[in-house]
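Here are a few short exercises to work through with the structure open. Try each one yourself before reading its solution.

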Amino acid sequence: MIDLYAAATSNGMRARIALEECGLPYTLHPIDLAKGEHKTAAFLAMNPNGQIPVIVDHDGPGGKPVTLSQSTAILLYCAEKSGKFMPKDAATRAAALQGLMSASTDITPIFGCLFGVLRSKEPHAPSAQMFKDRLRGFFQVWEDTLAKKKCCAGDEVTVADLSLYAGYARVKGSAPELVDGLPNLARWAGEMGSRPAMQRALKF
Ligand SMILES: N[C@@H](CCC(=O)N[C@@H](CS)C(=O)NCC(=O)O)C(=O)O
């Protein structure tokens with residue numbers, strides 16, 4: 001059994017999507033960021049950065065417990081543990097890793113920056129616009145990719161799709177203008193969003 005400590009952010013969603021899609025049994029422990037539940041001594045013992053998500057796999061490698069933070073590390077850990085979502089073909093695997101990093105290290109952090117600016121007491125409009133333009137640019141590239149491919153790295157759903165959907169869902173929910181008007185991205189999102197595991201994962 002795995003314990004998941006998360007909130008309904010794109011990083012939290014990425015970890016929960018990983019567990020649901022990989023079919024790994026887990027217990028969700030919702031973390032209220034507004035109440036600072038991620039800064040308690042017990043939480044900091046799991047992740048000294050004081051950030052969600054965190055998983056504790058009580059049956060990790062060699063039967064020993066593993067505590068893991070970083071949503072993309074959690075996604076890759078779940079993929080490896082379940083043997084799912086990592087293509088066997090080396091070229092497709094490389095494309096999947098590239099897509100994974102686009103979603104996890106470009107889209108999600110820039111969205112975090114945009115959200116931080118918009119929530120600040122005196123939002124700096126040029127900074128907000130810069131982050132919006134960058135996000136739209138990343139989604140436009142995905143639009144072009146998904147015009148040629150069914151999924152992020154080809155015909156099969158990979159870790160790239162799981163990571164990108166976490167970022168997409170969060171942006172669609174709070175700044176839909178950044179993903180609207182991109183028909184191939186919308187087609188892909190419709191397919192990903194209709195997956196039962198995805199629907200379970202996003203219900204926080
Ligand atoms: N790179 C980390 C980022 C984790 C992260 O930024 N978590 C945010 C929520 S999405 C958080 O816990 N923020 C609270 C804080 O930093 O105090 C990951 O992918 O998991």
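**Exercise 1.** Find out which pocket the ligand takes up.

*Solution.* Keep in mind that this is a predicted model. Look at where the ligand sits: the space it takes is the largest pocket. Next, list the shell: T9, N11, H38, K39, G50, Q51, I52, P53, Q70 and S71 surround the ligand.

**Exercise 2.** Sort the residues of the shell around the ligand into nonpolar, polar and charged.

*Solution.* Gly goes with the polar group here. With that settled, the shell splits into 2 nonpolar, 7 polar and 1 charged.

**Exercise 3.** Check how far the polar side-chain atoms of N11, H38 and K39 are from ligand oxygens.

*Solution.* The cut-off for a polar contact is 3.5 Å between N or O atoms. Start with H38: one of its polar side-chain atoms is 3.3 Å from an oxygen of the ligand. For N11, a side-chain N or O atom sits 3.2 Å from a ligand oxygen. For K39, the corresponding distance is 2.9 Å. Now for the surface: on its own the ligand exposes 500 Å², and the protein buries 69% of that.

**Exercise 4.** Count the salt bridges, then work out what the one between R200 and E20 ties together.

*Solution.* A salt bridge needs a side-chain nitrogen of Lys or Arg within 4 Å of a carboxyl oxygen of Asp or Glu. That rule gives 7 salt bridges. One of them pairs R200 with E20, with the closest N and O atoms 2.8 Å apart. R200 belongs to helix α8 (residues 196–201) and E20 to helix α1 (residues 10–22), so the pair links parts 180 residues apart in sequence.

Methods
Residues are numbered from 1 along each chain as its sequence is written. This is a predicted model: local features need pLDDT of at least 70, side-chain atom pairs count only at pLDDT 80 or more; totals for chains, interfaces and linings use all residues. Side-chain values use heavy atoms; hydrogens and water are left out. A residue is near a molecule or strand if one of its heavy atoms lies within 4 Å of it. A polar contact is a pair of N or O atoms within 3.5 Å; within protein, one must be able to donate a hydrogen and the other to accept it, and residues adjacent in sequence count only if both atoms are side-chain atoms. Accessible areas come from the Shrake-Rupley method with a 1.4 Å probe; for residues, only the protein chains shown count as cover. On a 1 Å grid over the protein atoms alone, a cavity is a set of points where a 1.4 Å probe fits but cannot get out, and a pocket is an open set with protein on both sides within 12 Å along at least five of seven lines; lining residues have an atom within 4 Å of a point. A molecule sits in a cavity or pocket if more than half of its atoms lie within 2 Å of its grid points. Helices (H or I, at least four residues) and strands (E, at least two) are DSSP runs, numbered from the N terminus.
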